[in-house]
Amino acid sequence: MRLRLFNTLTRSLEPFEPLEHGRAGVYACGPTIYDHAHVGNFRSFVFYDLVHRYLEWKGYDVRFVMNLTDVDDKTIRAAVAEGKTISEYTEPFAQAILEEADALGIRRADRYPRATAYVDEMIALVERLLEKGHAYRTDDGSVFFDITSFPEYGKLSRKNLDEARRGERVSEDEYGKDDVRDFALWKASKPEDREAGAAWPAPWGEGRPGWHLECSAMSLAEVGETLDIHLGGEDLVFPHHEDEIAQSEGATGKPFVRYWLHVRHLRFADEKMSKSRGNTVTVQDLLEQGVDPAALRHQLLSAHYRSELAFGREGLEGSGRAVQRLIDFRDRVEEVHTDPSAAISGIGGKAEEALERFEGALADDLNVPGGLGALFSFVSEGNGILDRKGDRVPPEEAERVLEVLGSMDEVLGLLEVAGQSRTVDAETRHWIEDRIGEREEARRSKDFSRADAIRDELAERGIVLEDSSRGTRWKHVGTRPLVG
Ligand SMILES: [Zn+2]
């Protein structure tokens, strides 16, 4: 099944054809690392990861690059307020974002370029734009892009050039520009820039790069002149991506991006949550509160990327149950009695059909809800078949089911994250087993309140007990952090 993507540039679904057969060069607009990333940022990052995983699943040789913006107005202001340089200030946030991304199963990008490490490339790009007459210098040493030199300006956002920047406030440091619609490529230094270590020498004067310029320079350096896919949040279409096109195409004369994909933002379904931290909720907050990372990943994937996602407690709980259902089914199939003489149960065939439906959904503009639908209807069907067959199937069927679940999970990453977050170290395992022993003891001596208290203590840590005639089994359901 051929992948079709909704290209923001053409506002239509197009078959995906990369520049070079079998390869895909992808650039994603990453976060500005002046604060912890909030859950809305992570909707984007999980979507970027979906694209990354999907392309690898289909066998593409993927070059995946996501930038970390470590110099802009907000970063400089925040660094100066704390008496730090921008690199001292941003480093902990960069580390935190990568750790949270790991916790959510986001595959590492090939590169995470930081703007401050590409200033030479940015200066070279400004020089090219000056040479080609797309830019001009002002008396204070700033450089602006001349929007009238690029007649295609507005082709992505479909904004009328005259209306494009009407009403946009012209900031004080941009008084020198010829036209209010022009945007800064290079901003002459101000005292706080120097204080924060955010001032670099350039042929036209000391200063710092404009934010839009950063992405053009880094994608050019790390992916190439023409990107197969450029990813970003919907709020970046204008002016950020429009400006990236003007700069990149203005400099190279080549198409900048073949497919533009934009992810919609999430809205908070419950008021309380959105207010918990000045209208943002960070992934760090959620993980510290004991939210299961696999449930969070499921929730962020659960709406199609071009649809709004209503984020809240209820949805997260539903996601937690869905992930648990998936794990339980996988475990059940792993433990099934494989019997070479058993008649074909049909579960292998159902797995095959589910994989086909899953593939079809994903190929259709990365329709994850459709893919999850295929997976979870199969989980229900599979459980029904195992109920009827008394958990006894031919080995090749069990194997095929596990292969299919594994294959789908290369794209979804749910079992992968659940496996990561539910790993119990030896010390904790001992502790759990000791508690279970104590509970047995309490039950034998009819001290049921003590036995219940132990069960609750374990449940607090996400450990659920299942009593049966064969004894007590435990499993880690991952809704609480493990502190052993
Ligand atoms: Zn960008």
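Let's start in the middle of a sheet, where strand β3 (residues 23-28) runs parallel to strand β9 (residues 227-233), the two being joined by three bridges. If you want a residue pair to find on screen, pick Ala-28: its bridge partner in β9 is Leu-231. Keep in mind as you look around that this is a predicted model.

Now widen the view to the whole sheet. β3 and β9 belong to an open sheet of four strands, whose order is β4-β3-β9-β10 and whose pairing is parallel. The edges are taken by β4 (61-66) and β10 (257-263); each of them has a single partner strand, so one side of each has no neighbour in the sheet. On average, neighbouring strands here are turned by 20° against each other, direction ignored. A helix packs on this sheet as well: α1 (residues 39-57) touches β3, β4, β9 and β10, and its direction makes about 165° with that of β4.

From α1 it is a natural step to helix α3 (residues 86-103), because the buried residues of α3 pack against α1, along with α2 (73-81) and α9 (283-288). Which residues of α3 are buried? They are Ile-86, Tyr-89, Thr-90, Phe-93, Ile-97, Glu-100 and Ala-101. These residues cover an arc of only 100° around the axis, so they lie on the same side of α3. Turn to the other side of α3 and you will find Pro-92 and Gln-95, which are exposed. The length of α3 can be checked too: at 1.5 Å a residue, its 18 residues should span 26 Å, and the end C-alpha atoms are indeed 26 Å apart, so the two agree. Just after α3 comes Gly-105, which takes a positive phi of about 75°.

Next, visit another sheet. It is an open sheet of four strands in the order β5-β6-β7-β8, and here the pairing is antiparallel. β5 (135-137) and β8 (207-209) stand at its edges with a single partner strand each, so one side of each is left without a neighbour in the sheet. From one strand to the next, the twist averages 20°. At one end of the order, β5 and strand β6 (residues 143-145) run antiparallel and are joined by three bridges. Tyr-136 is a handy marker here, as it stands opposite Phe-144 in β6.

Both kinds of pairing are worth keeping in mind as you compare these sheets. Strands of a sheet pair through backbone hydrogen bonds, in either a parallel or an antiparallel sense.

Further along the chain there is a hairpin to look at. Strand β15 (residues 463-468) pairs with strand β16 (residues 471-476) in the antiparallel sense, over six bridges. Two residues make the connection from β15 to β16 in this hairpin. Within the pair, Glu-466 stands opposite Arg-473 in β16.

Finally, step back to take in the whole chain. It holds 17 helices and 16 strands, and its C-alpha trace spans about 85 × 50 × 35 Å along the principal axes. How many of the residues are buried? Of the 484 residues of the chain, 44% count as buried. Among the contacts with a separation of 6 or more, 75% come from residues 24 or more positions apart.

Methods. Residues are numbered from 1 along each chain as its sequence is written. This is a predicted model: local features need pLDDT of at least 70, side-chain atom pairs count only at pLDDT 80 or more; totals for chains, interfaces and linings use all residues. Two strands pair if DSSP finds at least two bridges between them. Axes are lines fitted to C-alpha atoms, for helices over the stretch in contact, and angles run from 0 to 180 degrees between N-to-C directions. Two residues are in contact if their C-beta atoms, placed from the backbone, lie within 7 Å. The expected span of a helix is 1.5 Å times one less than its number of residues. A residue is buried if 20 or more other C-beta atoms lie within 10 Å of its own, exposed if 12 or fewer, and partly exposed in between; C-beta atoms are placed from the backbone. The arc is that of the directions from the helix axis to the C-beta atoms.
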